[in-house]
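Me: Please examine the structure shown below with me. I should like to go through it by question and answer.

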Amino acid sequence: MDDATRPRAHQLIIRKPCFDLIVSGTKTVEIRVGYPKIRRMRVGDTLRMISGDDSLTTRVARIHVHDSISALLDAESPTAIGGGTMSPEELGDVIRAIYPPDKEALGVFALHLTTGADPLQADPREG
């Protein structure tokens, strides 16, 4: 395996409520916009989620890139994104509060995470 295909390690700071949902296995999709750091992620990479003094290492199982938050919400499971605690409309409002239109324009990335022995799945849409 050469350096271009070797899984890489990444870190993301995440808010505590979202971190707790990932730890519990309820939230399996992390949403980010297409900053260069996010665009470098590939299926199979490890992703260390950090919230205060707590951390959890996950693996990127799939990456779906959407043109907008609306497209994201049409294609992805609201439960997997928000842990089932919000309606799709509320979830959209929360995501838009974090990522205003200028950030949304970078592309909306759905990082499908696994914390156990779940198989990694390649997706032709991954970026």
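**Sheet, helices and selected residues**

Me: Which residues form the covered face of β1, and which the uncovered one?
Reply: This is a predicted model. In a regular strand the side chains alternate between the two faces of the sheet. In β1 the uncovered face consists of Ala9, Gln11 and Ile13, and the covered face of His10 and Leu12.

Me: What is the bridge partner of isoleucine 13 in β3?
Reply: Strands β1 and β3 run parallel and are joined by five bridges. Isoleucine 13 belongs to the uncovered face of β1. Its bridge partner in β3 is isoleucine 50.

Me: What is the order of the strands in the open sheet?
Reply: The sheet is open and has five strands, with mixed pairing. Its edge strands, each pairing on one side only, are β1 (9–13) and β2 (29–33). From one strand to the next the twist averages 40°. The order is β1-β3-β4-β5-β2.

Me: What angle does the direction of helix α1 make with that of β4?
Reply: Helix α1, residues 16–24, packs on the sheet. The strands that α1 touches are β2, β3, β4 and β5 (108–114). The direction of α1 makes an angle with that of β4 of about 90°.

Me: Which residue stands opposite leucine 47 in β4?
Reply: Strand β3 covers residues 46–51 and strand β4 residues 54–66. The two pair in the antiparallel sense over six bridges. Opposite leucine 47, in β4, stands threonine 58.

Me: Which residue in the turn of the hairpin formed by β3 and β4 has a positive phi?
Reply: The hairpin leaves two residues between β3 and β4. In the turn, a positive phi of about 60° belongs to glycine 52.

Me: Which residue of β5 stands opposite histidine 66?
Reply: Strands β4 and β5 run antiparallel, joined by seven bridges. Opposite histidine 66, in β5, stands valine 108.

Me: Is glutamate 76 buried or exposed?
Reply: Glutamate 76 lies in the loop between α3 and α4. Its relative accessible area is 7%. Buried means under 20%. Glutamate 76 therefore counts as buried.

Me: Which side chain is joined to that of glutamate 76 by a polar contact of 2.8 Å?
Reply: Leaving aside neighbours within four places in sequence, glutamate 76 is in contact with His64, His66, Ile81, Ala110 and His112. The polar contact of 2.8 Å joins the side chain of glutamate 76 to that of histidine 64.

Me: Why do the buried residues of helix α5 lie on the same side of α5?
Reply: In helix α5, residues 88–98, the buried residues are Leu91, Gly92 and Ile95. An α-helix has 3.6 residues a turn, so residues three or four places apart point the same way. The buried residues of α5 lie on the same side because they cover, around the axis, an arc of only 100°.

Me: Against which elements do the buried residues of α5 pack?
Reply: On the other side of α5, Glu89, Asp93 and Ala97 are exposed. The elements against which the buried residues of α5 pack are β2, α3 (69–75) and α4 (78–82).

Me: Is glutamate 89 buried or exposed?
Reply: Glutamate 89 lies in helix α5. The C-alpha atoms of glutamate 89 and serine 70 are separated by 9.6 Å, with the two residues 19 residues apart along the chain. The relative accessible area of glutamate 89 is 57%, and the residue is exposed.

Me: What is the separation of the C-alpha atoms of proline 7 and methionine 41?
Reply: Proline 7 is found in the segment before β1. At a relative accessibility of 41%, proline 7 counts as partly exposed. Proline 7 and methionine 41 are 34 residues apart along the chain, and their C-alpha atoms are separated by 9.0 Å.

Me: What percentage of contacts between residues at least 6 apart in sequence join residues at least 24 apart?
Reply: The protein has six helices and five strands, and along the sequence they follow the pattern β-α-β-α-β-β-α-α-α-α-β. Among contacts between residues at least 6 apart in sequence, the share joining residues at least 24 apart is 73%.

Me: What percentage of the exposed area do carbon and sulfur atoms supply?
Reply: Of the 127 residues in the protein, 38% are buried. The protein exposes about 7000 Å². The share supplied by carbon and sulfur atoms is 53%.

Methods: Residues numbered from 1 in each chain as written. Predicted model: local features only at pLDDT ≥ 70, side-chain atom pairs only at ≥ 80, totals over all residues. Heavy atoms only, no water. Pairing = 2+ DSSP bridges. Helix = DSSP H or I, 4+ residues; strand = E, 2+ residues; numbered from the N terminus. Axes fitted to C-alpha atoms, helices over the stretch in contact; angles between N-to-C directions. Contact = heavy atoms within 4.5 Å. Buried < 20%, exposed > 50% of the residue type's maximum accessible area, 1.4 Å probe, protein only. Arc of directions from axis to C-beta. Areas by Shrake-Rupley, 256 points an atom, 1.4 Å probe, with all protein chains shown as cover. Polar contact = N/O pair within 3.5 Å; in protein donor to acceptor, adjacent residues only side chain to side chain.
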